[in-house]
Amino acid sequence: MYDFDMIVIGSGPSGRRAAVQSAKIGKSVLVVEKGRRVGGVSVHTGTIPSKTLRETVLNLSGWRERGFYGRSYRVKQDIDAGDLMARLHKTLDHEVDVLEHQFARNGVKTARGEARFLDPHTIEITGEGGEVDTVTGAHMLIAVGTRPFRPDYVPFNGMSVFDSDEIVDLPKLPRSLAVIGAGVIGVEYASIFSALDVAVTLIEPRSTFLDFIDKELIEEFTHELRDRNVGLRLGAAVTSIALDERERPVCKLADGRTVQADMLLFAAGRVGATDRLNLDAAGLKVDHRGRIAVEPKTLQTAVPHIYAAGDVIGFPSLASTSMEQGRVAACHAFGLEPPPPPEFFPYGIYSVPEMSTVGMSEEEVRKREIPYECGIARFRETSRGHIMGLNNGMMKMIFSVKTRRLLGVHIVGEGATELIHIGQAVLNLKGTIDYFIENTFNYPTLAEAYKIAGLDAWNRMTRV
Ligand SMILES: Cc1cc2nc3c(=O)[nH]c(=O)nc-3n(C[C@H](O)[C@H](O)[C@H](O)COP(=O)(O)OP(=O)(O)OC[C@H]3O[C@@H](n4cnc5c(N)ncnc54)[C@H](O)[C@@H]3O)c2cc1C
């Protein structure tokens, strides 16, 4: 009756996972992608490019060795944009190749073009050359993601003023950079460029940033940024942005200060890429940020055979969670019961230094009036930390005094985004402080910090 059992619009993490899962169940699947190559924001302008850039910067700048050899240590003296782009293009080619192979292996069909709804079961696909095709699907998944929010007062020019999608195609390295927006993307890029010795100023209208992260971790991170001379203009809204005679951005702030830099990255928010989908024809509505509401367990929209997943449905807007959502949507569409989502998922922020967090922050535990105790470990206390020359890095664990259960793990420092998974496993398996006390950890490792932080909390809890 329909051309396909499932039509997926968008080939980012949620679309990709939904397509492959549907194909594995034996269904016919079409993925429609308007970009030149499959992969989505995640592969082409978001997750993978920013993380590749970070890795390249850390390697070429010798960042990880500076604890031993001093701040002036470099692996390559004059790092330019070409150095950064070379590794990026190689990584992206590889990612796309793996993805295309995955689609081919599983018999997932792809169509290049922009999709828009004609009715709840029919979409029109317009190719780059204007050619139009129409296809029907029994089920649909809207996985179109987001695009950067570009307000009119920002003079984007692709040369000195960029949004977060454009910054990965940097024509040259600036000597100074202003970043507007201290969300995850802004903080990541600000700290990555600062590791290249670019003079960075981070501007945020609110007086705090990354509020979903444990405050103590943010204090540690902020100290580290200040130590590297990153200018923090918190609580300072931007009132205007102009370009000087050399096309350099000049930002006027509400507190009366001015920030001038060679380059500006505007990273204050993203909006759902839904405006060209003709959602009215499908019977769907969006909110003021272009996002689609879904039933959280099944990911169905208001029209039951149309699902939505990934960034287009809003928080948490991560590649990791988007993938899971895509799989859940496909399973539900074809009558498979997906396992219930875990209570806690990790959040990784690939700043320099990186941060990762799972479970409740200390502020949250207090708000819920749970009697608790914390354990802290500093990476410099671990032998592995000495070997690696780490001067900073910290892990904080929070335990319930009543049940002894682990409530949250918060890490800033080298390897945080990998280390967090030990805490995540214990947390989701409802483990207690005893896991860390009773078990032996490899030595020397940074994971030993779990033992140290566990003992730190245990000593205090025992005294109580
Ligand atoms: C700078 C940056 C860094 C990030 N870092 C991380 C990280 O470290 N870890 C992490 O987990 N997440 C990270 N994210 C978030 C992550 O990239 C997103 O959560 C993820 O890409 C969302 O996936 P998605 O499935 O919604 O699709 P997206 O990846 O957003 O892709 C959507 C696709 O749909 C296509 N599309 C849109 N409209 C149409 C249409 N009408 N027809 C056809 N195709 C269409 C687009 O071309 C695009 O290819 C980062 C994001 C950014 C911007």
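In this predicted model, four elements, α3 (47-61), α4 (66-69), β10 and α7 (215-227), each supply at least two residues of the lining of the second largest pocket. The largest share of that lining comes from α7, with 4 residues. The pocket holds about 800 Å³ of space, and 32 residues line it, those closest to its centre being Trp63, Arg66, Glu224, Arg228 and Asn392. Sorted by class, the lining is made up of 12 charged, 10 polar and 10 nonpolar residues.

One of the central residues, Arg228, makes a good place to pause. Arg228 sits in the loop between α7 and β11. Its relative accessibility is 15%, below the 20% limit, so Arg228 counts as buried. Leaving aside residues up to four places away in sequence, Arg228 touches Trp63, Ser191, Ser194, Ala195, Val352 and Pro353. Among these partners, Trp63 is also listed with Arg228 as one of the residues closest to the centre of the second largest pocket.

From the pocket, strand β10 leads on to a sheet. Here 5 strands form an open sheet with parallel pairing, in the order β8-β15-β9-β10-β11. The edges are taken by β8 (161-163) and β11 (231-234); each has a single partner strand, so one side of each is left without a neighbour in the sheet. On average, neighbouring strands of this sheet are turned by 15° against each other, direction ignored. Within the sheet, β9 (residues 176-180) pairs with β10 (residues 199-204) in the parallel sense, over 5 bridges. Along this pair, Val179 has Leu202 in β10 as its bridge partner.

A helix accompanies these strands. Helix α6 (residues 184-195) lies across β9, β10 and β15 (263-266). Relative to β10, α6 runs at about 165°.

A second sheet can be described in the same way. This open sheet has 3 strands in the order β12-β13-β14, and the pairing is antiparallel. Its edge strands are β12 and β14, each of which pairs on one side only. From one strand to the next, the twist averages 20°.

The pairing of β12 (residues 238-243) with β13 is antiparallel and extends over 5 bridges. Two residue pairs help to trace it: Val238 stands opposite Leu253 in β13, while Leu243 faces Pro249 in the β13 strand. The two strands β12 and β13 form a hairpin, with 5 residues between them. In the turn of this hairpin, Glu247 has a positive phi of about 65°. As general background for reading both sheets, side chains in a regular strand alternate between the two faces of the sheet.

Beyond the hairpin, the chain passes from β13 (249-253) to β14 (258-260) through a loop that contains Asp255. Asp255 has a relative accessible area of 42%, which lies between the limits of 20% and 50%, so this residue is partly exposed. Asp255 and Ala308 are 53 residues apart along the chain, and their C-alpha atoms are separated by 41 Å.

Definitions and conventions
Residues are numbered from 1 along each chain as its sequence is written. This is a predicted model: local features need pLDDT of at least 70, side-chain atom pairs count only at pLDDT 80 or more; totals for chains, interfaces and linings use all residues. Side-chain values use heavy atoms; hydrogens and water are left out. Two strands pair if DSSP finds at least two bridges between them. Axes are lines fitted to C-alpha atoms, for helices over the stretch in contact, and angles run from 0 to 180 degrees between N-to-C directions. Contact means heavy atoms within 4.5 Å. On a 1 Å grid over the protein atoms alone, a cavity is a set of points where a 1.4 Å probe fits but cannot get out, and a pocket is an open set with protein on both sides within 12 Å along at least five of seven lines; lining residues have an atom within 4 Å of a point. Grid points are joined across faces, edges and corners, and a volume is the space filled by probe spheres set on the points. Ala, Val, Leu, Ile, Met, Phe, Trp, Tyr, Cys and Pro count as nonpolar, Asp, Glu, Lys and Arg as charged, and the others, Gly among them, as polar. Buried means under 20% relative accessible area, exposed over 50%, partly exposed in between (1.4 Å probe, protein chains only).
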